[in-house]
Amino acid sequence: MALTEKYKCNNCGFEYETKDDIFYFNRYLTEIIEEPVNKKSFDEAGKSPISGRIDEGYCRKCKKFVKIYLISNNDNYTSLKNEEIREKIVELNGDKNIRVYFFQNERNRKNNGDLCGKCEKVLEWLYPESLCPECGEGKLMLKKH
Ligand SMILES: [Zn+2]
Ligand SMILES: [Zn+2]
């Protein structure tokens, strides 16, 4: 079910694999579990108070990959406000660069405007032909599985 692609830089050999991961909190909201999408993880996510998808962009300024948490389910089991959920994810993750969105109303993929949580630069999506994040000279080429 998980759709991933592998890219390899035609200059320095850097390899990158796209991810198709979901995340969910444990029952006590003390841990975030991140797993590839499959039936088991999907079922677990359905039982969790807070769950959603993870995307990954790249910040050229910070020179690092940045996770984007897209919360798609927080309706039923928690009284936490959106801002509190956001703070919890940042706290548990420990990475100041990550972004947290509430899927329906906060994000529109069309404008491609996800920002780095630290420097606010627009994050890039890596595709075939993207400039290599490692050497900044080569291009990422799709690798056959
Ligand atoms: Zn940044
Ligand atoms: Zn490279």
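This is a short tour of the structure above, stop by stop, with something to select at each one.

**Before you start**

You're looking at a predicted model, where local features need pLDDT of at least 70, side-chain atom pairs count only at pLDDT 80 or more, and totals for chains, interfaces and linings use all residues. Residues are numbered from 1 along each chain as its sequence is written, while chains are lettered from A and ligands numbered from 1 in the order in which they are written.

**Stop 1: the whole chain**

Switch to a cartoon view: the protein has three helices and eight strands. Helices (H or I, at least four residues) and strands (E, at least two) are DSSP runs, numbered from the N terminus. Trace the elements from the N terminus and you get β-β-β-β-α-β-β-α-β-α-β. Of the 145 residues, 21% are buried; that label takes 20 or more other C-beta atoms within 10 Å of a residue's own, exposed takes 12 or fewer, and partly exposed is in between, with C-beta atoms placed from the backbone.

**Stop 2: the β5-β6 hairpin**

Select residues 51-59, which is β5, and add 64-73, which is β6. These strands run antiparallel, joined by nine bridges; strands count as paired if DSSP finds at least two bridges between them. Four residues lie between β5 and β6 in this hairpin, and lysine 63 in the turn has a positive phi of about 55°.

Now pick glutamate 56 in β5. Which residue stands opposite glutamate 56 in β6? Lysine 67 does. Glutamate 56 counts as partly exposed because it has 17 C-beta neighbours inside 10 Å. Leaving aside neighbours within four places in sequence, its contacts (C-beta atoms, placed from the backbone, within 7 Å) are Lys19, Phe65, Val66, Lys67 and Ile68. Lysine 19 is 37 residues away in sequence, yet the C-alpha atoms of the two are 7.6 Å apart.

**Stop 3: on to β7**

Add residues 99-102, which is β7. Four bridges join β6 to β7, and this pair runs parallel. Look for leucine 70, which stands opposite tyrosine 101 in β7.

**Stop 4: the largest core**

Show side chains for Tyr24, Ile50, Tyr69, Ile71, Val100 and Tyr101: they have the most contacts inside the largest nonpolar core, which has 13 residues. Such a core is a set of buried Ala, Val, Leu, Ile, Met, Phe, Trp, Tyr and Cys residues joined through C-beta atoms within 7 Å. β3 (21-25), β6, α2 and β7 each supply at least two of its residues, with the largest share, four residues, coming from β3. Tyrosine 69 makes a good centre for the view: beyond four places in sequence, its contacts are Phe23, Gly52, Ile54, Ile89, Ile98, Val100 and Tyr101.

**Stop 5: helix α2**

Select residues 82-93. The twelve residues of α2 should span 16 Å at 1.5 Å a residue, and the end C-alpha atoms are 17 Å apart, which agrees; the expected span is 1.5 Å times one less than the number of residues. Just after α2 comes glycine 94, with a positive phi near 80°.

**Stop 6: the three-stranded sheet**

Finish with an open sheet of three strands, ordered β2-β1-β8 with antiparallel pairing. Its edge strands, β2 (15-17) and β8 (140-143), each pair on one side only. β1 (residues 6-9) is joined to β8 by four bridges, and cysteine 9 has leucine 140 as its bridge partner in β8.

Terms used:
Two residues are in contact if their C-beta atoms, placed from the backbone, lie within 7 Å.
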